[in-house]
Amino acid sequence: MDLQTLWFAAVAVLWIGFLLLEGFDFGVAALLPVLGRRIPDRHLMLRSIGPVWDGNEVWLITAVGAVFAAFPGWYATWLPALYLPFVLVLFGLIIRAVAFEWRHSRHTPAWDSSWTWVITTGSLIASAGIGAALGATTLGLPIGAEGIRVGGAFSGLGWPALLGAVAVVAFSLVHGAMFLALKTDGPVRAAAGAFARRWAPLAAVPLLAWGGLVHLRSGTAVTAVLWVVATLAVLVAWARILVGREGQAFAAWGAMLVAAAATVFGAAYPVVVPSTIDPAFDVTLADASVSDYTLTIMTWAAGVGLPVVLGYQAWTYWVFRRRLTAEPVHEEPAGAHA
């Protein structure tokens, strides 16, 4: 495997890791008004993601940073062309981070309710913005000969962006519900399980459609198999949540995301930004990459630093692995934000 392909695979893994990990805390936050009818229930839901939500966001920074470092031509085309979705993502992430910190500084019904809605709104905006950006990128943007978007600020926000936004939001909602069913006990667990049982099959459709469209355009036998695996994983996740096997359902739902996203990235390769104007204007890995020497240095640096980061994050999840209940509040794990 050449270094350009290796780093394309690394970028794909980082994006998948972000959607897999940040997806469930986006979902938990978005479900606060739906499943958190009582104050103790909302408090419990936020406790479930308190120790990990900010660490999950690091995957986004790393994914965008890897694109910038390894494929500056991709970065230079992609981010300016999708300036609006990424501004919305930053706005959503900022207001939800502020709300996480400020919500637990006081405890009155009005204060809690206000900041809870900010957390939910920020999470929905950020997840939809990420989905819109990735959907538009992988299904095509109006890119001209110079690698610059043709048209106004909204020219790249057509149906591919809408499909991506719906796919990520829908996936995150069920992912968050399955996480709550696995992580909590009591009324929240029951309500989350019921939500996942009801919506899992429908929520998977946009993501599977996205993967299927990219595959039909430029896929291979491998991406066809990956898409079938994603479809089967949905059925397994639904079957497992129906019988109350939350851990297996959560794992299968995550496997669906991995397989569907791998379908998208695998079918897109080696094009990183397809042009809807003319295929001759597509941005490819060869067009976008830095030199092999730079990629070699980056590979050595990543080989040293990445295991440390992954080990630390795995340790965090292990420390906060126990199932939570709504009482008593004073037993909240250190570092949890509510």
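Student: How much space lies in the largest cavity of this model?

Tutor: About 140 Å³ of space lies in the largest cavity. Keep in mind that we are looking at a predicted model.

Student: Why is that space called a cavity?

Tutor: It earns the name because a 1.4 Å probe fits there but cannot get out. The structure holds three cavities of 30 Å³ or more.

Student: What makes a residue part of the lining, and which residues are closest to the centre of the largest cavity?

Tutor: A lining residue needs an atom within 4 Å of a cavity point. For the largest cavity, 15 residues pass, and the closest to its centre are Leu19, Leu134, Leu207, Trp210 and Ala261.

Student: Which helices supply at least two residues each to that lining?

Tutor: They are α1 (3–30), α7 (109–139), α8 (159–183), α9 (187–218) and α11 (246–268). Among them, α11 gives the most, with five residues.

Student: What is the lining of the largest cavity like by class?

Tutor: The lining has 14 nonpolar residues, one polar residue and no charged ones. Leu, Trp and Ala count as nonpolar, so Leu19, Leu134, Leu207, Trp210 and Ala261 fall in that class.

Student: On to the second largest cavity: what is its volume, and which elements give two or more residues to its lining?

Tutor: Its volume is about 80 Å³. The elements are α1, α5 (72–81), α7, α11 and β1 (271–273), and α7 gives the most, with three residues.

Student: What makes β1 a strand?

Tutor: A strand is a DSSP run of E with at least two residues, so the run 271–273 qualifies as β1. Val271 and Val272 both line the second largest cavity.

Student: How do you know which residues of this lining count as polar?

Tutor: The lining divides into nine nonpolar, two polar and no charged residues. Thr137 and Thr138 are in the lining, and Thr is in neither the nonpolar nor the charged list, so these residues count as polar.

Student: Why is the space of about 660 Å³ called a pocket?

Tutor: That is the volume of the largest pocket. The name applies because a pocket is an open set of points, with protein on both sides within 12 Å along at least five of seven lines.

Student: What lines this pocket?

Tutor: There are 28 lining residues, with Leu14, Thr62, Leu306, Val309 and Leu310 nearest the centre. α1, α4 (53–70) and α13 (292–319) each supply at least two, and the largest share, 13 residues, comes from α13. By class, the lining has 20 nonpolar, seven polar and one charged residues.

Notes: Residues numbered from 1 in each chain as written. Predicted model: local features only at pLDDT ≥ 70, side-chain atom pairs only at ≥ 80, totals over all residues. Heavy atoms only, no water. 1 Å grid on protein atoms, 1.4 Å probe; cavity = no way out; pocket = protein on both sides within 12 Å on 5 of 7 lines; lining within 4 Å. Points joined across faces, edges and corners; volume = space filled by probe spheres on them. Helix = DSSP H or I, 4+ residues; strand = E, 2+ residues; numbered from the N terminus.
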